[in-house]
Amino acid sequence: MSASDQDEAMDMPVPEPYDGGLTPRQARMVRIALASVLLVGLAALLAVRLAERTSVLVVGVYGLAMILCGVVIELSRHGRTRLGTWLLGVGLVAALGADWLLLP
């Protein structure tokens with residue numbers, strides 16, 4: 001190692017310990033747990049809606065919302081937690097809006 005490399009190594013800032021809220025691993029686990037709970041809840045709601053009225057539209061809306069939960073779980077497992085959170089929020093609002101607007 002040359003003298004200039006040693007000087008550059010000495011000038012590099014030392015990372016400070018993480019002192020804010022959740023660690024990235026904990027955030028991923030929270031989002032995975034949240035998406036899993038929502039997935040089970042949507043499956044139960046789908047069963048209730050299908051008992052009330054059988055419709056391809058009902059299966060489509062809730063099926064897509066359940067697929068979205070699975071995508072969010074996979075995104076969280078691969079470290080894309082912010083993207084997964086936004087997708088989950090927007091997707092659930094869209095599913096609830098479709099339930100309110102489209103389903104009789």
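Me: Let's start with T81. What does T81 touch, leaving aside residues up to four places away in sequence?
Reply: T81 touches R28, R31, L75 and S76. Keep in mind that this is a predicted model. T81 itself is found in helix α4.

Me: Why is T81 called buried?
Reply: Buried means under 20% relative accessible area. T81 has 13%, so T81 is buried.

Me: How confident is the predictor, and which helices have the lowest and highest mean pLDDT?
Reply: The chain averages a pLDDT of 80, and 80% of the residues score at least 70. Among the elements, helix α1 (residues 3-11) has the lowest mean, 58, while α4 has the highest, 87.

Me: What makes D99 and R49 a salt bridge?
Reply: The cut-off is a side-chain nitrogen of Lys or Arg within 4 Å of a carboxyl oxygen of Asp or Glu. The closest N and O atoms of D99 and R49 are 2.8 Å apart, so the pair fits that rule. It links distant parts of the chain, with D99 in helix α4 and R49 in helix α2, 50 residues apart. D99 and R49 are both buried.

Me: How many salt bridges does that rule give?
Reply: Two. Besides D99 and R49, the side chains of E74 and R77 meet at 2.7 Å, N to O. E74 and R77 both lie in helix α3, three residues apart, or about one turn of the helix.

Me: Why is R77 called exposed, and why is E74 called partly exposed?
Reply: Exposed means over 50%, and partly exposed falls between that and the 20% limit for buried. R77 has 52% relative accessibility, so R77 counts as exposed. E74 has 35%, so E74 is partly exposed.

Me: What makes the nonpolar surface patch, and which helix gives the most to it?
Reply: L64, I67, V71, L83 and L87 make a patch of about 440 Å². The elements giving two or more residues are α3 (56-77) and α4 (81-101). Helix α3 gives the most, with three residues.

Me: How do you know that V71 is accessible enough for a patch?
Reply: Patch residues need over 30% relative accessible area. V71, in helix α3, has 39%, so V71 clears that bar and counts as partly exposed.

Me: Why is A33 called partly exposed?
Reply: The class runs between 20% and 50%. A33 has 40% relative accessibility, so A33 belongs there. A33 is found in helix α2 (residues 24-52). A33 and I73 are 40 residues apart in sequence and 8.3 Å apart in space, C-alpha to C-alpha.

Notes:
Residues are numbered from 1 along each chain as its sequence is written. Side-chain values use heavy atoms; hydrogens and water are left out. Patches are made of residues with over 30% relative accessible area and no salt bridge: like charges are joined within 9 Å, nonpolar side chains (Val, Leu, Ile, Met, Phe, Trp, Tyr) within 5 Å. Accessible areas come from the Shrake-Rupley method with a 1.4 Å probe; for residues, only the protein chains shown count as cover. Helices (H or I, at least four residues) and strands (E, at least two) are DSSP runs, numbered from the N terminus. Buried means under 20% relative accessible area, exposed over 50%, partly exposed in between (1.4 Å probe, protein chains only). Contact means heavy atoms within 4.5 Å. pLDDT is the predictor's confidence in each residue, from 0 to 100.
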